[in-house]
Amino acid sequence: MTTDASPVPEPPVPGAVRGLLGRRVGVLVTVFFSLFLLSFAADMAVSDRPTGTKVAFLAVLAVYGVSYGFGVILFWNGTVTRKLALVGWLLLLFVVLLVIGGLPAMMLATYIIGPVSVMLPFRWAVGLSGALLAGLLVAMVATGEDLMGAWLGLLAITASVALMGRLMTVNRELFTARHELAAMAVSQERARVARDLHDVLGHSLTTITVKAGLARRILETDPTGVDRAVAEIADLERLSRQALTEVRATVSGYRKASLAAELAGANVALAAADIVADLPQAVDDVPPELQESFAYVVREGVTNVLRHSGASRCQIRLGPTWLEVRDNGVVQPGPAGNGLTGLRERLAAVGGTVEAGSAPGGGFLIRATVEAKK
């Protein structure tokens with residue numbers, strides 16, 4: 001709940017929370033406490049006060065009760081400004097009731113303290129309720145009326161309602177936070193699935209396209225190369241099955257990329273595209289906690305080489321905290337695609353960064369770096 005008096009509504013809360021801690025509770029509590037106004041009306045009606053005083057008191061009390069009931073119900077989820085306006089109006093009516101009925105009517109302050117405690121921020125509730133109690137105490141001393149028992153009762157009610165209001169506010173914030181966390185978790189899972197599917201399908205479909213093109217060229221240019229074409233088509237079948245398995249694993253959240261497997265796959269894909277591959281022979285220098293992230297760098301980098309670069313050579317180098325994918329192709333202008341954006345997100349999760357751009361001497365370079373742990 002905001003602590004500013006500006007007309008800003010409270011943050012939206014799920015319907016279940018509003019039902020538990022919102023307007024419905026406000027209606028029930030308001031109706032219940034409104035019944036106690038009948039006792040004040042009865043006491044005034046049977047008192048020996050002048051008829052005019054009784055009529056005036058009962059009229060103002062009726063307005064007071066209606067304002068309290070409908071005001072709490074209408075402004076329960078309203079802005080702080082409207083709630084303060086309601087409190088000010090109730091306070092004005094309360095002062096009129098004190099003037100007509102005298103200080104013994106001070107218990108009617110409960111109908112101000114209640115809305116203040118459960119509808120306004122806790123610090124405001126304490127301040128306004130404290131000021132009201134202090135004013136009543138000063139009035140008691142000034143008039144010499146001995147109403148300390150009633151005042152102490154009002155103090156106890158104030159403390160109880162203030163704590164109840166604080167508990168309701170905390171519970172409301174807790175439910176809101178849980179709702180927001182659940183929505184955030186769904187959003188993050190969608191982003192993960194989208195990023196992983198891009199990486200899986202982008203690389204797999206690119207490799208399948210390259211191999212399909214190779215098989216077609218073999219059949220078109222070399223009538224005796226049927227066996228080789230059949231082998232390439234068999235590879236296509238294997239790759240498509242592998243892609244299907246990886247998609248299923250991605251959706252279920254069980255897929256783990258392997259750096260060694262990605263390097264082996266890169267070697268096959270680059271060879272099918274007639275691109276000379278200069279790849280590391282081992283990945284032992286890379287810590288296990290970085291191998292999965294670097295595997296995605298290899299996958300995205302090689303996919304870009306196959307798709308866009310027109311390169312004839314691709315080189316991959318790695319170290320304990322870095323990995324480079326370099327080609328000698330043509331640098332494609334334009335903003336970074338989804339693949340590079342996904343890579344930056346993956347590396348950021350392990351404290352790393354990704355740089356992509358023109359390589360010294362020509363070509364394109366992707367470099368992933370993770371800060372070494374001290």
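A residue is taken as buried when its relative accessible area is under 20%, and as exposed when that area is over 50%, with partly exposed residues in between. In the predicted model described here, S67 has a relative accessible area of 13% and is therefore buried. This serine is found in helix α4, which comprises residues 51-75. Its side chain is joined to that of W89 by a polar contact of 2.8 Å. When residues up to four places away in sequence are left aside, S67 touches V72, L86, W89, L90 and L93, W89 thus being named both among these contacts and as the partner in the polar contact.

Helix α4 also packs against helix α3, which is formed by residues 37-45, and the axes of the two helices come within 10 Å and cross at roughly 175°. Because angles over 145 degrees count as roughly antiparallel, α3 is assigned as roughly antiparallel to α4. On the α3 side the residues that meet α4 are L37, F40, A41, M44 and A45, and their counterparts in α4 are K54, F57, L58, L61, Y64 and G65.

Further along the chain, helix α10 comprises 14 residues, 259-272, and at 1.5 Å a residue it should span 20 Å, a value with which the separation of its end C-alpha atoms, 20 Å, agrees. The expected figure rests on multiplying 1.5 Å by one less than the number of residues. At the start of α10, a side-chain oxygen of S258 reaches to within 3.3 Å of the backbone nitrogen of A261, whereas after the helix comes D274, whose phi is positive, near 60°. Within α10, the buried residues include L259, L263, A266, A269, L270 and A272, together with the acidic residue E262.

Side chains of opposite charge can pair when their charged atoms come close. By the rule applied to the model, the count comes to five salt bridges, and three of them are described below. In one of these, E262 meets R299 through their side chains, with an N to O distance of 2.8 Å. Since R299 lies in helix α11 (residues 288-309) and E262 in helix α10, the pair ties together parts that are 37 residues apart in sequence. Both partners fall under the 20% limit for burial, for R299 has a relative accessible area of 4% and is buried, and E262, with a relative accessible area of 7%, is likewise buried.

The other two salt bridges considered here involve D278. The side chain of D278 meets that of R313 at 3.3 Å, N to O, and this pair links distant parts of the chain, R313 being in strand β2 (residues 313-318) and D278 in strand β1 (residues 276-278), 35 residues apart. D278 also forms a salt bridge with R317, in which the closest N and O atoms are 2.8 Å apart. As D278 lies in strand β1 and R317 in strand β2, the latter pair ties together parts that are 39 residues apart in sequence. Through shared partners, salt bridges join D278, R313 and R317 into one network. Within this network, D278 counts as buried because its relative accessibility is 18%, while R313, with a relative accessible area of 38%, is partly exposed, and R317, at 32% relative accessibility, also counts as partly exposed.

Definitions and conventions. Residues are numbered from 1 along each chain as its sequence is written. This is a predicted model: local features need pLDDT of at least 70, side-chain atom pairs count only at pLDDT 80 or more; totals for chains, interfaces and linings use all residues. Side-chain values use heavy atoms; hydrogens and water are left out. Helices (H or I, at least four residues) and strands (E, at least two) are DSSP runs, numbered from the N terminus. Buried means under 20% relative accessible area, exposed over 50%, partly exposed in between (1.4 Å probe, protein chains only). A polar contact is a pair of N or O atoms within 3.5 Å; within protein, one must be able to donate a hydrogen and the other to accept it, and residues adjacent in sequence count only if both atoms are side-chain atoms. Contact means heavy atoms within 4.5 Å. A salt bridge is a side-chain nitrogen of Lys or Arg within 4 Å of a carboxyl oxygen of Asp or Glu. Axes are lines fitted to C-alpha atoms, for helices over the stretch in contact, and angles run from 0 to 180 degrees between N-to-C directions. Angles under 35 degrees count as roughly parallel, over 145 as roughly antiparallel, 65 to 115 as roughly perpendicular and the rest as oblique.
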